[in-house]
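Colleague: I am new to this structure and should like to understand the reasoning behind its description. May I put some questions to you?

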Amino acid sequence: MQKIPVEVFQSSQAAVAKLAAETAELIRANDAAGKQTVLGLATGGTPIAYYNELIRLHQQDGLTFATVTSFNLDEYAGLPKDHVESYWHFMHQNLFNHIDIKPENINLPSGTVATADIPAHCAEYEQAIVDAGGLDLQILGIGRTGHIGFNEPGSPKDSLTRAIELDPITREDAAPSFGGIDNVPTTAITMGCGTILNARRIVLMAWGEGKASIVNEAVTGTVNDIVSASYLQEHCNSVFFLDTAAASILEA
């Protein structure tokens with residue numbers, strides 16, 4: 001039985017077109033009301049098409065991001081901003097360099113903060129989200145472990161931004177990009193499940209047969225700390241945007 005609203009699309013492109021249109025409507029409505037828009041953003045292959053559509057809306061339809069503040073979910077520990085696999089680099093290559101968002105409004109956890117300073121850095125990140133007024137819209141993907149952000153199995157529902165050890169499956173999935181698993185960081189800094197769940201709206205995207213099993217578990221299974229995406233069942237305004245392949249084994 002489905003316990004989270006699900007929207008199934010014939011293609012990922014159809015899904016991201018709807019999500020980008022929703023995002024544009026949110027930004028324009030907030031602009032009209034004199035308010036900033038606070039977006040929680042994700043990395044990985046899943047959201048790239050969404051970012052491409054936001055870029056198109058900016059370049060062709062005049063959508064401005066001048067009043068948008070962004071907070072990214074996570075960053076690998078030990079990677080400087082200019083590392084080709086850092087999420088700072090990913091976000092600038094795939095979105096920020098192509099829109100008019102103000103550099104001072106871009107927020108990502110730091111991958112190079114000293115170990116002793118990580119707790120303070122994470123607390124500052126949490127406070128920055130609060131000071132911005134909270135997340136209006138949180139964009140998510142889902143990992144094979146069921147993680148949202150890097151909230152690996154065992155992450156508490158009320159967890160906040162923190163350092164976390166990456167699951168071997170997560171590191172395996174990242175290995176090709178890093179040229180081998182030995183080059184993949186073993187830890188990361190991630191927004192916590194509680195941080196994510198405080199967002200006013202959450203949209204999780206998943207594409208392809210490879211995500212079908214974990215999507216089914218998150219949507220229809222019990223709420224548990226092994227599959228952190230299952231926590232979305234208890235959020236008042238969350239939805240899964242799926243292509244037909246990712247939805248192929250959902251239990252009715």
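Colleague: Why does Cys236 count as exposed or buried?

Modeller: This is a predicted model. The relative accessibility of Cys236 is 79%, and exposed means over 50%, so Cys236 counts as exposed.

Colleague: Why does Cys193 count as buried or exposed?

Modeller: Cys193 has 0% relative accessibility. Buried means under 20%, and Cys193 therefore counts as buried.

Colleague: How many disulfides does the structure hold, and how do you know?

Modeller: It holds 0 disulfides. A disulfide requires two cysteine sulfur atoms within 2.5 Å. The closest cysteine sulfur to that of Cys193 belongs to Cys122 and is 14 Å away, which is too far for a bond. Cys236 is in no disulfide either, as its nearest cysteine sulfur, in Cys193, lies 16 Å away.

Colleague: What makes strand S2 largely enclosed by the rest of the structure?

Modeller: Strand S2 spans residues 37-41, and 5 of its 5 residues are buried, so the rest of the structure largely encloses it. Thr37, Leu39 and Leu41 point one way, while Val38 and Gly40 point the other way, and all are buried.

Colleague: How do you know that S2 pairs with strand S3 and with strand S6?

Modeller: Pairing needs at least two bridges. S2 and S3 (residues 68-72) run parallel and are joined by 5 bridges, with Leu39 opposite Ser70. From S2 the chain reaches S3 through helix H2 (residues 48-61), in a right-handed β-α-β crossover. S2 also runs parallel to S6 (residues 137-140), with 2 bridges between them; here Leu39 stands opposite Leu137. Both pairs therefore meet the requirement of at least two bridges.

Conventions:
Residues are numbered from 1 along each chain as its sequence is written. This is a predicted model: local features need pLDDT of at least 70, side-chain atom pairs count only at pLDDT 80 or more; totals for chains, interfaces and linings use all residues. Side-chain values use heavy atoms; hydrogens and water are left out. Buried means under 20% relative accessible area, exposed over 50%, partly exposed in between (1.4 Å probe, protein chains only). Helices (H or I, at least four residues) and strands (E, at least two) are DSSP runs, numbered from the N terminus. A crossover is right-handed if, with the strands pointing away from the viewer, the path from the first strand over the helix to the second runs clockwise.
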